[in-house]
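Me: I would like to go through this model with a few questions, strand pairing before packing. Please give the reasoning briefly and finish each reply on the name or value asked for.

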Amino acid sequence: MAWKSRGVESTQKSVVTRKLTLLLCVGCFCAGMLFTDRMWTVPEAKDILRPTETDDAKLKLVSEGCNPNTKDGRRESSDILGEVSKTHHIVQSLDKTISNLEMELAAARAVQDSLLGGSPITEDLGITESTKKRKYVMVVGINTAFSSRKRRDSVRATWMPQGDKRKKLEEEKGIIVRFVIGHRKGSKEETEKTTTTFKKHDILISYFFPELSPVISATSGGILDRAIEAEDKKHGDFLRLEHVEGYLELSFKTKIYFATAVALWDADFYVKVDDDVHVNIATLGATLARHRSKARVYIGCMKSGPVLAQKGVRYHEPEHWKFGEEGNKYFRHATGQLYAISKDLATYISINQHVLHRYANEDVSLGSWFIGLDVEHIDDRRLCCGTPPDCEWKAQAGNICVASFDWSCSGICKSSERIKEVHRRCGEGENVLWSTAF
């Protein structure tokens, strides 16, 4: 009996314990739910940024490719064009400044090279500091040879001013005109040494073998150089180059001419012309002056002749294979009788003269030096008129030619005899030169 009563009591205690445990679990669960709800409160709608109607409208306009400021579009376009124009002018100004610096660098290099060589390039030319600082319109270099004395005299008697008039042309009009020639053998110093050596032998040869004296003097080159020096002393219109004369060396002579000219005179343009071509200087200057604002210009009668691969013919091109298949033509370049280049291009030649490739023909060589550069080629047919009646008809029509020559002779045929007639019939007149403002 006692045992049964104890069992009933323990059963009652067990039931009570289970109920308490269940209540405790439910209470903990409720407390946990309450705690979690307070810690993870969802933010109210007012804290969330929502797009407004204005933003939606802007997005819609952008998605349709429209500018919301359509009313100010024209004004903004004009402002942009104005800024582009200003930028263009600034770039042009910087380009010109850089070109001037390059020109001064080239001149300094040329002077340095001449001093290192022991022969200042300005010493024999009467070039003063004031002359080098002055700005000229153009430098005209007349390509000539030792055997062309008659041609030079005919040019002096026609279109090239002489004496005080030539000085007036330089001082008042800013135009330099010179005959361009190198030396017979080697450099000027080598020629002087050779001349001194042969002078001693010439005395003996002239005494014992008078018939051989002219031959020995001619082979030494001294007599030819002395003749040029005497001619220059009389007229003072030569530009002597450190160059060995020869027809196959014309490309090299062209490089030396431009490099020397740009070092001596600060000009807008540098011109090369042959000594058997008639030139109207005032018309040439006025033609070039129209292109003065351009940085890099190459002016002449542009042509594209055939590349001659056959040996033994005139104008044979040893490097014809570089121009493609047989029968191909050269790239466009100015004919060699007369062409002009701006100061920037002359400076470029001066700076890079040691790496510029030379072809057989000097006009082709010059054209090749400008390939790949930002150069404007100007084809002006007034720079290659024919002799009368062609240039005469054009002059009567008011279209005076810059240069006249015969294509069949690559110059005026028998120029020393006929250039006076060409000048009389096609010349612009001396008064035009002095009344023209460049």
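Me: Which residue is the bridge partner of asparagine 143 in E2?
Reply: This is a predicted model. Strand E1 (residues 135–143) and E2 run parallel and are joined by six bridges. In E2, the partner of asparagine 143 is valine 180.

Me: In E3, what is the bridge partner of valine 180?
Reply: Strand E2 (residues 175–183) is also joined to E3, by four bridges, and these two run parallel. On the E3 side, valine 180 has as its bridge partner leucine 239.

Me: What is the order of the strands in the open sheet?
Reply: Six bridges put E1 beside E2, and four put E2 beside E3. On the other side of E1, eight bridges join it to E4 in parallel, while E4 and E7 run antiparallel with five bridges. The sheet has seven strands with mixed pairing, in the order E3-E2-E1-E4-E7-E6-E8.

Me: Which are the edge strands?
Reply: The order of the open sheet runs from E3 to E8. An edge strand pairs on one side only, and this holds for E3 and strand E8 (376–379).

Me: How many degrees does the twist average from one strand to the next?
Reply: The sheet in question is the open one of seven strands. From one strand to the next, its twist averages 25 degrees.

Me: Is strand E3 largely enclosed, and what count of its residues is buried or exposed?
Reply: E3 (residues 238–244) is an edge strand, pairing on one side only. It is nevertheless largely enclosed by the rest of the structure, because the buried residues number five of the seven.

Me: How many of the residues of E4 are buried?
Reply: E4 has bridges to E1 and to E7. Tyrosine 270 of E4 is the bridge partner of valine 139, and in E7 the partner of tyrosine 270 is isoleucine 341. The strand is largely enclosed by the rest of the structure, since the buried residues are nine of the nine.

Me: What angle does the direction of helix H11 make with that of E1?
Reply: Helix H11 (residues 281–289) packs on the sheet and touches E1, E2, strand E4 (266–274), strand E6 (297–303) and strand E7 (333–342). Seven of its nine residues are buried, so H11 is largely enclosed by the rest of the structure; among them are Ile281, Leu284 and Leu288. The angle between its direction and that of E1 is about 125 degrees.

Me: At what angle to E7 does helix H12 run?
Reply: Helix H12 (residues 343–352) lies across E1, E4, E6 and E7. Relative to E7, it runs at about 100 degrees.

Me: Which residues have the most contacts inside the largest nonpolar core?
Reply: This core has 43 residues, and E1, E2, E4, H11, E6, E7 and helix H15 (415–426) each supply at least two of them. Beyond its neighbours within four places in sequence, methionine 138 is in contact with residues including Ile176, Phe269, Ile281, Leu284 and Leu288. The residues with the most contacts inside the core are Met138, Trp159, Val177 and Leu284.

Me: How many aromatic pairs does the structure hold?
Reply: One of them is tyrosine 257 with phenylalanine 258, a tilted pair at 4.9 Å centre to centre and 45 degrees between the planes; both residues are buried. Another is phenylalanine 405 with tryptophan 407, edge-to-face at 5.1 Å and 65 degrees. The number of aromatic pairs in the structure is eight.

Me: Is tryptophan 407 buried, partly exposed or exposed?
Reply: Its pair partner, phenylalanine 405, counts as buried because its relative accessibility is 0%. Tryptophan 407 has a relative accessibility of 43%, and therefore counts as partly exposed.

Me: Over the face of which residue does lysine 168 lie?
Reply: The distance to the ring centre is 4.7 Å. The ring belongs to tryptophan 434.

Me: Is aspartate 237 buried or exposed?
Reply: Aspartate 237 lies in the loop between helix H9 (222–235) and E3. Apart from neighbours within four places in sequence, its contacts include Arg156, Arg166 and Arg178. Its relative accessibility is 0%, so aspartate 237 counts as buried.

Methods: Residues are numbered from 1 along each chain as its sequence is written. This is a predicted model: local features need pLDDT of at least 70, side-chain atom pairs count only at pLDDT 80 or more; totals for chains, interfaces and linings use all residues. Side-chain values use heavy atoms; hydrogens and water are left out. Buried means under 20% relative accessible area, exposed over 50%, partly exposed in between (1.4 Å probe, protein chains only). Two strands pair if DSSP finds at least two bridges between them. Axes are lines fitted to C-alpha atoms, for helices over the stretch in contact, and angles run from 0 to 180 degrees between N-to-C directions. Contact means heavy atoms within 4.5 Å. A nonpolar core is a set of buried Ala, Val, Leu, Ile, Met, Phe, Trp, Tyr and Cys residues joined through side-chain atoms within 4.5 Å. Rings of Phe, Tyr and Trp (its six-membered ring) pair if their centres lie within 6.5 Å; planes under 30 degrees apart count as stacked, over 60 as edge-to-face and the rest as tilted. A charge sits over a ring if NZ of Lys or CZ of Arg is within 6 Å of the ring centre and within 35 degrees of the ring normal.
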